[in-house]
Structure formats: C-alpha cells, structure tokens
Amino acid sequence: MIINKITIKLGLWFFFVMLIIEVCLFFFLHTSMVKSRVEEELIALQARGNNHREVLEDSYNEDTLHHIAVMEWNADTEVIITDREKNIIISSSKLAEEEKEILYKKIESVPRNGKILENRWKSEKYISTVSPYAVNGQQKGYVFMFKSTDQVQGLISRLNHHFLVAAVITVTLLILTILFLTKSITTPLIQMKRATEKLSRGDFSVHLPNMGEDELGDLSRSITILAKDLKHLKEERSEFLSSISHELRTPLTYIKGYSDVARRRDLADEDRERYLGIIYEESEKLSNMIKDLFDLAKIDKNTFVIHQEKVQLCSYLHAICEKMLPAFKEKDMNLEINCNKNIHVLIDPMRFEQIFLNLFDNAIKYSDPYTKTSVFVKREKGDVLIEVRDEGRGIPKEDIPFIFERFYRVDKSRSRDFGGTGLGLSIVKELVEAHQGCIEVKSELGKGSAFFIQIEEMTE
Ligand SMILES: Nc1ncnc2c1ncn2[C@@H]1O[C@H](COP(=O)(O)OP(=O)(O)OP(=O)(O)O)[C@@H](O)[C@H]1O
Ligand SMILES: [Mg+2]
C-alpha cells in the first residue's frame, strides 16, 4: 500500500472527525439509556409499593402484613411498613444504617400514588420510594420500598460492557473504512501527480487508467487530453519549423542562383534584366511570406487585437470587389457580387478585408481565364453566410481536410508560376475564427470551389 502525506492527512482527518462524532453519540446514548434504566427501576419500585399498599388497604391485619413481608424476603427489593409516626410495624429484612437514614428523612406531603425518596444511585447504597396507605379513609402509615444500588450498578456495568464491545467494533470498522476510502481517493491522485510530473519533464507518453465517471475521472481524462495536446503541439512545432526553413530556402536558392548568374560580366543586358526581375519577385515573395508568418504568430500569441465595428456588409463587400476587379480583369476573369440586403455585422474592416483578398487571390491563381468568381450573401438562422465561388480547377477530395493547414498546398511541386506558400487559407481561417465565425469549403475537381464564411448578424 502506498503510504504518503495525503493518505496520512486525509486518514487522520477522517479518523478524528468520526471519532469525535462517535464519542458524542456514544456519550449521549449511554447517559440517556442509564437515565431511563434507573427511572424504570424507580417506577417499578414505586409500583410495587403501591401494590402492597392496595393489598394492605383491602384487608389490614397481621396476616396481610406478614404476607407482604414474606413476599419481599425472596425478592431483590425490601419493604418497610410504618405507622404515621414512622414507627416500624414490619420490615422484610433487618434495616441497614443507610436505610434508616432515608426512612427518617422528613417527608412533606406524599401524594396517594407515592413518591421517590432517593434516586441517587451513584452515591447512595439504596434507592427508595414511599407510598401512603389509609384504613377506613384515615391515613394510617407508609409503605417504604428499598432497592440496593449494587443491583442498579450491576445492570449499568453490563450496559457499559455492551457499549465497550460496540465501540471496539465501530472503531475497527471505522479504521477499515478510512483505509479503503483514503486508498481509493489518493491512489488516482498520486497516479495523476506522477503523470503531470512526467508531462513537465517533457515526456508525453502518459497512460492513466479509466477512473470512472466522477470528478477524479474527469480530471484524469483532462490530463490525458492535455498530454495528447502537448504532444501534438510539440510535433506541430517541429514540423512547422522544418516547413519554414524549407519554404525559406526555396526562394533563397533562386535568389542566390540568379544573382550568381547576373554577376557574370559577359551576360547580355537583357538576360541580366530578366534575372534581376526574378530576384526581385522572389525577394518580394519572401517578404510576403515573412509578413504572413508574422501575422500567424501574432494570432497564435493572442496579441492579435481586432477592432470590431458595425459595418454594412453589402456596401463593404462591393468596395472590396471593386478594388480587386482589376486583378481579375488582368487575367481576363470576372468578379460578380450578389448582395443588396441591408445586413449589419460586427467586424474589424481591415482584417476582414484580408480574408477576401486571400480568397480572391486563390480564385485568380487557381482558375483559368474567362471564368467567373461570384460572391453571394445569405441570411441563415440569425447568421450571415458569405459564399465565394469560383469556376476554377477545384480541390481534390483527399486534400480538402488539409487546405487550412499551414504550408499545405495541393500542388506539392512548387513551380515558380504557382508559387504559393500555403499560408493564405490558414490566415483566413484564423481571422474568421477571431471574429467568432467559421469557414467551410466545398469543391469539385475541374468544376470549381466554394468557400462559405458564417458570422453572426448584428441585429438592433
Ligand atoms: N479556389 C481554389 N481553387 C483550387 N484550389 C485552391 C483554391 N484555394 C486554395 N486552393 C488549394 O489550397 C492550397 C492552399 O491554399 P492557400 O491559400 O493556403 O495557399 P497558397 O495559395 O498555395 O499560398 P499563399 O496563399 O500563402 O500564397 C493551395 O495551394 C491550392 O492548392
Ligand atoms: Mg492562397
């Protein structure tokens, strides 16, 4: 068994709290049982006295008196019958000193039903009651009843014995329960502590057993998820770093190669011009990529602040499309927008524009001339759905789940003409999510693609 701080702490806590509760309970039970037992004894004694009184009142003569005394010889009670001045007429046994003391105590008025004379069973030798008797309607004397407290004490010591046995059994059961409980609570906690220690050392191979459906189970599942996430994050980070270095290397290789060639003295001016052009293009690509990476890093670090404001969506989109139209025209393509509703949304206009610039950039890059790109805006259950649809080459089914990942491109051979870096859509996704929206894509190879952006409509 695992003995550790938490087990001891929990165990001791349980033990003392339960012990205090038990001691209080036992004390209360014991005193009330003893009290009621003594009361019972006193009531029985008084009833016996009353009984003798009845017999005596029925027929008051020598025989009856004698008869009563004989009745008490064999019983564990004693009877003394006196006249009104407490002169003893008959007694069932020889009087002890203590009995005399009680007997000659001054008694005030005694009700017909009798009364208790002595009830201090702990300190005195006898408990006692008295019942008055009358003959021919005149009070004649008293029937005193005595019972030795040795007997009461014997009864109570038997009771104490039962209590002791019960206490030993409950304490044993208590200890066993505490051992079981602390073990069942602390073992999972300790397992989880070890797991998190392992995580903090960078070892993510954490396996926690199923701990049920309670809060401990929830905690262990959270730790397992955390371990998986951390592992994924670590892998993603190293993958990301290697992708970056790879992506940076390609344009740099071009720049290095072409600048090497351009340096040659015997090169025709025309060629040099062309090579310098390529170098310029590649360095521009490089700086764009670095800007994109910087944006992504900012979103990741949550230092990315968006300044949302109320925007009339249709006029906003019309303005962006107008700005982008020349780029489409340059490739003999067309851009069409279908939006004439009065829809308001809460967005950061600068950032949101970047979403459409990236989507339109893709539409231009991955479509043939003489095709059309359209934007549709629809209301849907309190949300706004913006669709950007092109008639381009489409995305293969198996690539669709990955196109929002960083550096993911369908065309892996990165020809210089199609030299995207694969960051555009991942930026789009992060930006849409920063606006509490979501983005989806539907695409058919050879027919075209459609991107759907859903954001909340601003009402009021
Ligand atoms: N409209 C589209 N039609 C066909 N394929 C697309 C379309 N949009 C994206 N893709 C595919 O998804 C990939 C990822 O797109 P993304 O915009 O993230 O990267 P990129 O365009 O290659 O590079 P970047 O946008 O960073 O310059 C693209 O390489 C392309 O293969
Ligand atoms: Mg792109």
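**Exercise 1. Place Ser92: which loop holds it, is it buried or exposed, and which residues does it contact?**

*Solution.*
Step 1. List the contacts, meaning heavy atoms within 4.5 Å. Leaving aside neighbours within four places in sequence, Ser92 contacts Ala69, Glu72, Trp73, Glu78 and Val79.
Step 2. Find the element. Ser92 sits in the loop between strand S2 (88-91) and helix H3 (97-103). Helices (H or I, at least four residues) and strands (E, at least two) are DSSP runs, numbered from the N terminus.
Step 3. Check the accessibility. Buried means under 20% relative accessible area, exposed over 50%, and partly exposed in between (1.4 Å probe, protein chains only). Ser92 has 5%, so Ser92 is buried.

A note on the model: it is predicted, so local features need pLDDT of at least 70 and side-chain atom pairs count only at pLDDT 80 or more, while totals for chains, interfaces and linings use all residues. Residues are numbered from 1 along each chain as its sequence is written, chains are lettered from A and ligands numbered from 1 in the order in which they are written, and side-chain values use heavy atoms, with hydrogens and water left out.

**Exercise 2. Treat Cys314 and Thr371 in the same way: where does each lie, and what does each touch?**

*Solution.*
Step 1. Cys314 belongs to helix H7 (residues 313-330). Its relative accessible area is 4%, so Cys314 is buried.
Step 2. Not counting residues up to four places away in sequence, Cys314 touches Cys339, Asn340 and Lys341.
Step 3. Thr371 lies in the loop between H8 and strand S9 (372-380). At 13% relative accessibility, Thr371 is therefore buried.
Step 4. Leaving aside neighbours within four places, Thr371 contacts Asp332, Met333, Asn334 and Glu391.

**Exercise 3. Describe helix H6: how many residues has it, and which of them are buried?**

*Solution.*
Step 1. H6 (residues 269-300) has 32 residues. The expected span of a helix is 1.5 Å times one less than its number of residues. From first C-alpha to last, H6 reaches 46 Å, close to the 46 Å expected.
Step 2. The buried residues are Tyr275, Ile278, Ile279, Glu282, Leu286, Met289, Asp292, Leu293, Asp295, Leu296 and Ile299.
Step 3. Their cover includes helix H5 (215-262), helix H8 (349-365) and helix H9 (424-434).

**Exercise 4. Work through the surroundings of ligand 1: which residues come nearest, and which elements supply the shell?**

*Solution.*
Step 1. A residue is near a molecule if one of its heavy atoms lies within 4 Å of it. Of the 18 residues around ligand 1, the nearest are Asp390, Thr421, Gly422, Leu423 and Leu425.
Step 2. Sort the shell by class: eight nonpolar, seven polar and three charged residues. Ala, Val, Leu, Ile, Met, Phe, Trp, Tyr, Cys and Pro count as nonpolar, Asp, Glu, Lys and Arg as charged, and the others, Gly among them, as polar.
Step 3. H8, H9 and strand S12 (448-456) each supply at least two shell residues.
Step 4. Look for oxygen atoms of ligand 1. A polar side-chain atom of Thr421 lies 2.8 Å from one. A backbone N or O atom of Leu425 lies 2.8 Å from one.

**Exercise 5. Find where Phe407 and Gln436, with positive phi, are placed, and say whether each is buried or exposed.**

*Solution.*
Step 1. Recall the background: most residues other than glycine have a negative phi.
Step 2. Phe407 has phi near 65°. Its place is the loop between strand S10 (383-389) and H9. At 10% relative accessibility, Phe407 is buried.
Step 3. Gln436 has phi near 55°. Its place is the loop between H9 and strand S11 (438-444). At 63%, Gln436 is exposed.

How values were computed
A polar contact is a pair of N or O atoms within 3.5 Å; within protein, one must be able to donate a hydrogen and the other to accept it, and residues adjacent in sequence count only if both atoms are side-chain atoms.
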